[in-house]
Amino acid sequence: MTLTVGLTGSIASGKSTVSLMFDDFGIPVIDADKLSRDVVMPGEKAYDQIVETFGERILRKDQTINRDELGAIVFADEEKRQQLNRMVHPAVREKMLEKRDVEIASGATCVVLDIPLLFESKLTHYVDKTVVVYVDEHVQLNRLMERDGYSEKEAYQRIHSQMPVSEKAALADAVIDNNKTKQASFEQMEALLQSWEII
């Protein structure tokens, strides 16, 4: 029996760092963000819908979508963000479930679905357990400004476009506090996997 774990957090909470740690335990991770890049490549259905909706100004010279350009449009307009999500999310879910089923069929004891909007998109029925990577908002804000070069206003826009990470933590089966060192987060994960008898 495979345990399917839903991993989530908020922007700049360090979820990607924690996600990579599963590799140390030989646990496969299916990353919804990576899949969301795949489904908007030229030739994909979602790509055609996005170009039709937002126009060719969001395209680079090589005809791929300029994510920064598109992000500037949708993070400033909730209606447009929802519109984009309606194009991308169904395609991502389909690919994610295909990959999950392949891992289950191959006999994996645990598979992780790394889904940024796990709670917002009401996808908890895809998983058996949920884990939230948590950081305090000021840590999140500073990391986002440092990492992506956003102004404070731009960073706040992105943080507040998602459900607060404290709300997600309240809904989760387990929380990894990522305010401290990577080692501290790794130890929390190891203890969690032991308690769930995965390792």
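In this predicted model, Ala-12 is placed in the loop that runs between β1 (3–8) and α1 (15–21), and the same loop between β1 and α1 also holds Ser-13. Both residues appear in an unreviewed UniProt entry, which lists Ala-12, Ser-13, Gly-14, Lys-15, Ser-16 and Thr-17 under "binding site"; such annotations may be inferred rather than shown by experiment. Ala-12 counts as buried because its relative accessibility is 7%, under the 20% that marks the limit for buried residues. For Ser-13, which is also buried, the relative accessible area is 0%. When neighbours within four places in sequence are left aside, Ala-12 is in contact with Val-135, Gln-140, Arg-143, Leu-144 and Arg-147, while Ser-13, with residues up to four places away not counted, touches Val-133, Val-135, Arg-143 and Asn-178.

Val-135 is also among the residues touched by Asn-179, whose contacts, not counting residues up to four places away in sequence, are Tyr-134, Val-135, Asp-136 and Val-139. Asn-179 lies in the loop between β5 (174–177) and α9 (182–195) and, with a relative accessibility of 24%, counts as partly exposed. A polar atom of the Asn-179 side chain is found 3.0 Å from the backbone nitrogen of Asp-136. By contrast with these contacts, the C-alpha atoms of Asn-179 and Arg-93, which are 86 residues apart along the chain, are separated by 30 Å.

The strand before this loop, β5, contains Ala-174, a residue that counts as buried at 10% relative accessibility. Although Ala-174 and Thr-130 are 44 residues apart in sequence, their C-alpha atoms are 6.5 Å apart in space, and Thr-130 is one of the contacts of Ala-174, together with Val-131, Val-132, Leu-192 and Trp-196, when neighbours within four places in sequence are left aside.

The helix after the loop, α9, comprises 14 residues, which at 1.5 Å a residue should span 20 Å, and this agrees with the 20 Å that separates its end C-alpha atoms. Within α9, the residues Ser-185, Phe-186, Met-189, Leu-192 and Leu-193 are buried. These residues cover an arc of only 125 degrees around the axis, so they are on the same side of α9. An α-helix has 3.6 residues a turn, so residues three or four places apart point the same way. The cover over the buried residues of α9 includes α1, β4 (129–134) and β5. Following α9 is Glu-197, which has a positive phi, near 55 degrees.

A comparable arrangement is found in helix α4 (residues 67–74), where Leu-70, Gly-71, Ile-73 and Val-74 are buried. Because they cover an arc of only 160 degrees around the axis, these residues are on the same side of α4. Asp-68 and Ala-72, by contrast, are exposed and belong to the face of α4 turned away from its buried side. The buried residues of α4 pack against α3 (45–54), α5 and α7 (152–160). At the start of α4, the backbone nitrogen of Asp-68 has a side-chain oxygen of Asn-66 within 3.1 Å.

Leu-70 of α4 is also prominent in the largest nonpolar core, which has 34 residues and in which Ile-50, Phe-54, Ile-65, Leu-70 and Met-96 touch the most other members. Two or more residues of this core are given by each of α2 (32–38), α3, α4, α5, β3 (110–114) and α8 (165–171), and the largest share, six residues, comes from α5. A second, separate core has 19 residues, among them Val-18, Cys-110, Ala-174 and Phe-186. In soluble globular proteins, nonpolar side chains tend to be buried together. Apart from neighbours within four places in sequence, Leu-70 is in contact with Ile-50, Phe-54, Ile-58, Ile-65 and Leu-84.

Helix α5 (residues 78–105) also contains Arg-100, which is buried, with a relative accessible area of 17%. A polar atom of the Arg-100 side chain lies 3.4 Å from the backbone oxygen of Tyr-126. Tyr-126 is likewise one of the residues in contact with Arg-100, along with Thr-4, Ile-30, Val-111 and Leu-113, when neighbours within four places in sequence are left aside.

How values were computed: Residues numbered from 1 in each chain as written. Predicted model: local features only at pLDDT ≥ 70, side-chain atom pairs only at ≥ 80, totals over all residues. Heavy atoms only, no water. Helix = DSSP H or I, 4+ residues; strand = E, 2+ residues; numbered from the N terminus. Buried < 20%, exposed > 50% of the residue type's maximum accessible area, 1.4 Å probe, protein only. Polar contact = N/O pair within 3.5 Å; in protein donor to acceptor, adjacent residues only side chain to side chain. Contact = heavy atoms within 4.5 Å. Arc of directions from axis to C-beta. Core = buried A, V, L, I, M, F, W, Y, C linked by side-chain atoms within 4.5 Å. Expected span 1.5 Å × (residues − 1).
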